[in-house]
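Student: Could you take me through one part of this model closely, and then show me how it sits within the rest? Please go slowly, since I am still learning the terms.

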Amino acid sequence: MSDVILEGRDLKKYYPVTKGLLQRTIGWVRAIDGISFTIERGKTLSLVGESGAGKTTAAKAVLLLERLTSGEILFEDRDIYKFSKSQMKAEYRPRVQSVQQNPWSSMNPRMRVRDIIAEPLVVNTKQTKEQIRKRVLELLEQVGLAPNQADYYPHEFSGGQRQRIAVARALALNPSLVVLDEPVSALDVSIRAQIMNLLKDLQNQFNLSYLVIAHNLATVRFMSHSVAIMYLGQIVEYGDAEELFQHPLHPYTRALISASMLTLPEDAEQGVEQIILKGEMPSPLNPPPGCRFHTRCSETQDICSKEVPEMKEYGKQHVRCHHVVYR
Amino acid sequence: MPEKASDSETTARPVVSGLSRRARIMRRLTFIVPVTILSLMIIMAIFADLAWLGLPDVGLAPYDPVKMSLPDRLMPPFWDEEGSTEHLLGTDKMGRDILSRLIFGARISLSVSLLVILITSFVGTVLGILGGYLGGRTEAFLMRITDISLAFPPILVAMLLAVSMGPSFVTVVLAISLLGWAAYARLIRGETLRLRQMDFVAQARIIGASPLRIMLRHIFPNVINPLIIIMTLQIGLLIITEASLSFLGVGIPPPAPSWGNMINDGRNLVDTAWWISTFPGIAIALVVMSGNFFGDWLRDKLDPRLRQL
Amino acid sequence: MSEIVLKVEDLHTSFFTRSGEFRAVDGVSFHVREAETFGLVGESACGKTVTGLSILRLLPEPAGKIVSGKITLDGTNILELSKKEMRAYRGAMISMILQDPMTSLNPVYTVGNQIAEPVRQHQRIQDKNMVEEKVISALRLLRIPAPERRLQDYPFQMSGGMRQRVVGSIAMSCYPRLLIADEPTTALDATIQAQYIALFKDVQKETDVAIIFITHDFGVVANMCHRVGVMYAGKIVETAATSTIFKAPRHPYTNALIHSVPRLDRKDDRLYSIEGQPPSLLNLPPGCRFAPRCPDVMDICNEQQPQEVEISEGHSVSCWKVK
């Protein structure tokens, strides 16, 4: 049974590039260029890619922080762009919450922790002060903080504790989907494990769906049920997380995994070598013709620079490449 | 599992106290001296007389500031051979007591500044936050008005207004306020633009907070520091502006004393009766310097980021 | 074995602030050999960056001070050098790469100009063509394509990865004996990071430079370093060859760090995690600094600081559990 909570269909976001006094549009930055994905209830989808790949733009679209150029976002099978303002406020906004990367800037420094966690309730519900107070204490406990910490200001906490507060705020409204934008990358290594375990526990406890934005593949493998690898505004490989990590099909996925692998000195002596890609990601203002990855691909063929590869299905995976070797 | 909040110190960077002992004493002085001077001025202004308590005859000022006494005219300060301790700082050409006028002048000059600061900072903050947060056409429109306001010579505008409305306390306040808000609007808009990019504002949008709530709860509390700094730095500027208007005869109408029109009174007599202009001049200089020093001190204290202002 | 380039012995560096003495580095000893990369690994505020700055004698003055210790570079104790002599060492004998390629280049000068600066300063070359030759060879060393054409470029015309290579060229322009690299790859994307590390391995082979690699990322350590020192709250708690650190860590903190990082080569259901935070440097525990968080804590750990014990050749640990 597939129980899809959110589906993105052919999402595109182009930013105009303007020049001169009259703001003439001279081109378009294709931040995301036709991406599709589904998030199942209680499961985690991760969007992975390097900076400029478009993963943050996709997350912002889901959080309604960016208006898409085209495409549909279906939330429980209903197109959210066809929602009225009041529907949006009652049926979408409270149910899609987020935890951001930087716990130092994601909280208003002039509010107490109590008020930070309570704000979603104050804005969206008509609960009494007493109800809200109780809920805040309950949330603090769920994320592993003490009730007496509610009256502190954010700057009195360490990064890991702040991220717990951010999680508590995201859970306040009992959301169905939480967008986690690099939730641990700003934290110290020994703190990351605490937060990742917490997020997993909460997912099981409340049957939460997560949309994770990340660049660290090991984190992604730990967190995700399915994964979408993005390159230059497009998804190049998409599918079941375990399949993808065990049998990566797209050359970019392979390079990315290889670059993130630990290669100990003696591994290197035994001939385990990293795939080192040449060059850097081209500008999304002028993406290369054909396959967008062909300028850096080690397996590039004639067709790659001429024809845009379509997304094709291979078992549990979808890959955008001309020369997939499957099984 | 809960960790104590005090543990967070470990992640904080050590506060580097690079100042020598002498520098630290100087720093403290630049705070104490201006605050003392400003407080004294404010006490003078409030307790010049106690008319507001129904006791017009009790107060700091020894005489009625507008009472003329021609026999006593142009008396020098008490330390001069011709002076007397009855008029400590002497009298003007109509025999009015300079010290009393100075004390009442503090009331007028300071209340003009205070009112103007309140009006301009309020208007400027509202427009700055609106422009900065809403962006688009609202911003473009507000910012063009701001630019135009900043381009006008304020004295000229105030003179036109004074001429058309007739000089009075209200005219002076309105005239200075008319353009004064623009400086606030520009600063607050800049701060708002910066804050709008902060994650916590995005987070407020994600939980569904309305623009009004975001502006009031999330933007405004975070612009208070720079706002206070600018307000203090404005004290000096406004005292000077008021004085200039009064000096030009379009400010506080005589015989009511303001520091500006007192200087104007003594203008033609500087070589024979220097004290008439000098004492209000000293008062202005003291307040302006104190305001600036205090503002600088606050700026260092509250927000190192604003040092370039 | 190749000769020792840098030896740090019992280094203590503190910051004296209004709220007291921060013992940022508290008794650190290690050495680096020619053509060797030594990794200093640890979390934020563990003292790894301050150790690097102490070696360069570039601590923020006047709060930061080297309290005691000895830093020997090719047999010279650099803590005894005058300020002027030290300036001659910096850039020529020791150089440093900082984390952020966006801010470590000056935006108003061309790339060629910025690389030429240390060349003119230290090698006293004034001849224009000779300087240019040196600059081009520095760019070539870092594999910057078409170096002749890059000279006139400004930093903003380059990508992050390319900029970090320019930073590397500046650091290597005088062929220093020791290079201190402070998180040079942290701001870079994974594939660019891999490029950069491969590149630095080549640079090291060509120049025999000794590298101190400061990082929080064990993945980078595995790929780049020959030996590693793990720092916690101002002390090195374990020093060993990289593969030993990964395969047989003996200090509970090292063990926790390595096992709390998710693995790319297998699926974990739960991560090993240690609770709590590092201690405040103002208020250190009397015994072992890791004791309050340690899963294997014993009574003695809270009372006395453990001494460093060499358990096998090149593998030292400071822990009461290890004998």
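Tutor: Let us begin just after helix α1(A), which is followed by Leu64(A), a residue whose phi is positive, near 65°. Helices and strands here are DSSP runs, numbered from the N terminus, with helices being H or I over at least four residues and strands E over at least two. Before going further, please note that this is a predicted model, in which local features need pLDDT of at least 70 and side-chain atom pairs count only at pLDDT 80 or more, while totals for chains, interfaces and linings use all residues. Residues are numbered from 1 along each chain as its sequence is written, chains are lettered from A and ligands numbered from 1 in the order in which they are written, and side-chain values use heavy atoms, with hydrogens and water left out.

The helix itself, residues 55-62 of chain A, is mostly covered, with 6 of its 8 residues buried. Buried means under 20% relative accessible area, exposed means over 50%, and partly exposed lies in between, using a 1.4 Å probe and protein chains only. The buried residues of α1(A) are Lys55(A), Thr57(A), Ala58(A), Ala59(A), Ala61(A) and Val62(A). As background, an α-helix has 3.6 residues a turn, so residues three or four places apart point the same way.

For a contrast in cover, turn to Asp201(A), which is found in helix α6(A), residues 189-206; this residue counts as partly exposed because its relative accessibility is 32%. In sequence, Asp201(A) and Val143(A) are 58 residues apart, but from C-alpha to C-alpha they lie 9.8 Å apart in space.

Chain A also has a sheet to look at, an open one of 4 strands in the order β2-β1-β4-β5, whose pairing is antiparallel. Its edges are β2 (24-40) and β5 (78-79) of chain A, each with a single partner strand, so one side of each is left without a neighbour in the sheet. Two strands are said to pair if DSSP finds at least two bridges between them. Inside this sheet, β1(A), residues 4-19, and β4(A), residues 70-75, are joined in the antiparallel sense by 5 bridges, and Glu7(A) has Leu74(A) in β4(A) as its bridge partner.

Now step back to the whole of chain A, whose secondary structure comes to 10 helices and 12 strands. Of its 327 residues, 56% are buried. Its radius of gyration is 21 Å, which agrees with the value near 20 Å that a compact globule of 327 residues would have; this radius is taken over C-alpha atoms, and the globule rule is 2.2 Å times the number of residues to the power 0.38. Along its principal axes, the C-alpha trace of chain A spans about 70 × 55 × 50 Å. Among contacts in chain A with a separation of 6 or more, 64% are between residues 24 or more positions apart, where contact means heavy atoms within 4.5 Å.

Finally, chain C offers a strand to set beside the helix we began with. Strand β9(C), residues 227-232, has 6 of its 6 residues buried, so it is largely enclosed by the rest of the structure. On one side β3(C), residues 37-41, pairs with β9(C) in the parallel sense over 4 bridges, and 6 bridges join β9(C) to the antiparallel strand β10(C), residues 235-241.
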